[in-house]
Amino acid sequence: ERDWCSVVCSSALSSGINAEYGMNADSIVKDVLEKLYAGSNDRYYKSCIIPHRPDLNIVLMPTSSLQDNVNIIYKFLDTIEHKEYGLFEDIFVYDLATIVQNFAELLFFDRYTKLVQAYKHGHIHLFIVHSQSMKKVITLLDEMNSFVPLRSIQCYLDKVEEFTLKANMTDIKLKHDFLLQLSIWGPDDTVLDYAFKMWSGLLNDYYGKRWDLFFHHLQESMKKKIPFDRAKYDIEVSIIENALPDTQLFGRCKQSTSKNLLKIVSLVKQLLQI
C-alpha cells in the first residue's frame, strides 16, 4: 500500500536517498526517486500503463519525463562502470530497477500512443511495428525484474509457501487470495487490478497476455475492415483475469547476487535501444 505515505514518510525517503547517494547527488536523480517511492497508490496507478486493462483511451499521468529517466539510467550505468555508490548494494540495484521500470512505462506509453494512431488511420504495418516494440518492453522488463527478488511474484509466493509450512497450514487459499487482490478483487470485475504489481511473472503471464489479446483484436479489426469488437474482447480479457488466482507457478525465484547486476545492465541497454 502507498496511501499511508505522508509527510513523515517523504522525509524518511529523502533522508534515505541522501544517505545512499550523498547530499551532493544529482538533484534530478533524487527528485525522480522521491516521486516514484512516495505518493498515493491511485497516483502511482495513473502513472503506469502496462498494468491497465488494455483499451484505446488510456490516459497517463507521468511523474517525470522520458528524457529525465534516460539521463538518470546513464548516470547509474556510469556509476556501475566506475564502481561508485556501493556498487552491489541491494538498494542500489532496486533503485536502478525502479528507474528503469519508470522509463519502460513512459516508453511503452509513447509506443501505445503511436499504435492507437496507426490503428485509427489504418496503417497496419506501423501498428505491427509498435505492437512488437511494446511486447519487447514487457518481455525485457519481466526478465530484468526476475533478477530483483522484491520484484518477482514467485519469490513472494515462495514466502507464502514457507510461512504455511511453518504454521502447518494449507497455502492454496492464501495463494489464491494473494493473486485475487492483484487481479479481480471484487464481484463482476468491479475492483480490477486493485493491488497491481509490476513484478516478474505478472508482466509476462498476466499483463502481457492481456496486451497480446488487445493487439490481436485490433489487428483483426484492421485486416477485416470491421469495428473493434469490444464485447468479444471484454469476454476474452475477463477469462485471462479470472484465471490468474488459480495460476500455480510463475517461473523461479532468483536470489540476489552481484552477477545479476551485470545481467540487469545488459537488459537495460536492450531497453534503451527500442
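How far apart should the ends of helix 10 be, given its 14 residues at 1.5 Å a residue? Keep that in mind as you open this predicted model and select helix 10, residues 230-243. The expected span is 20 Å, and the C-alpha atoms at the two ends lie 20 Å apart, so expectation and model agree.

Stay on this helix and color Tyr233, Val237, Ser238, Ile240 and Glu241, its buried residues. Now turn the view to look down the axis: these residues fall within an arc of 155°, so they line one face of helix 10. The general rule behind such a pattern is that an α-helix has 3.6 residues a turn, so residues three or four places apart point the same way.

Next, pick out Ala231, Ile235 and Ile239. These are exposed residues on the face of helix 10 turned away from the buried side.

To see what covers the buried residues, show helix 9 (202-224), which is part of that cover.

Between helix 9 and helix 10 runs a loop, and Lys225 is your next stop there. Its phi is near 55°, a positive value in a residue that is not glycine. Is Lys225 buried or exposed? With 75% relative accessibility, Lys225 counts as exposed.

Finish at the other loop, the one linking helix 8 (172-182) and helix 9, and select Asp193. Asp193 is another non-glycine residue with a positive phi, about 55°. Its setting is buried, with a relative accessible area of 2%, whereas Lys225 is exposed.

Technical notes:
Residues numbered from 1 in each chain as written. Predicted model: local features only at pLDDT ≥ 70, side-chain atom pairs only at ≥ 80, totals over all residues. Heavy atoms only, no water. Helix = DSSP H or I, 4+ residues; strand = E, 2+ residues; numbered from the N terminus. Buried < 20%, exposed > 50% of the residue type's maximum accessible area, 1.4 Å probe, protein only. Expected span 1.5 Å × (residues − 1). Arc of directions from axis to C-beta. Contact = heavy atoms within 4.5 Å.
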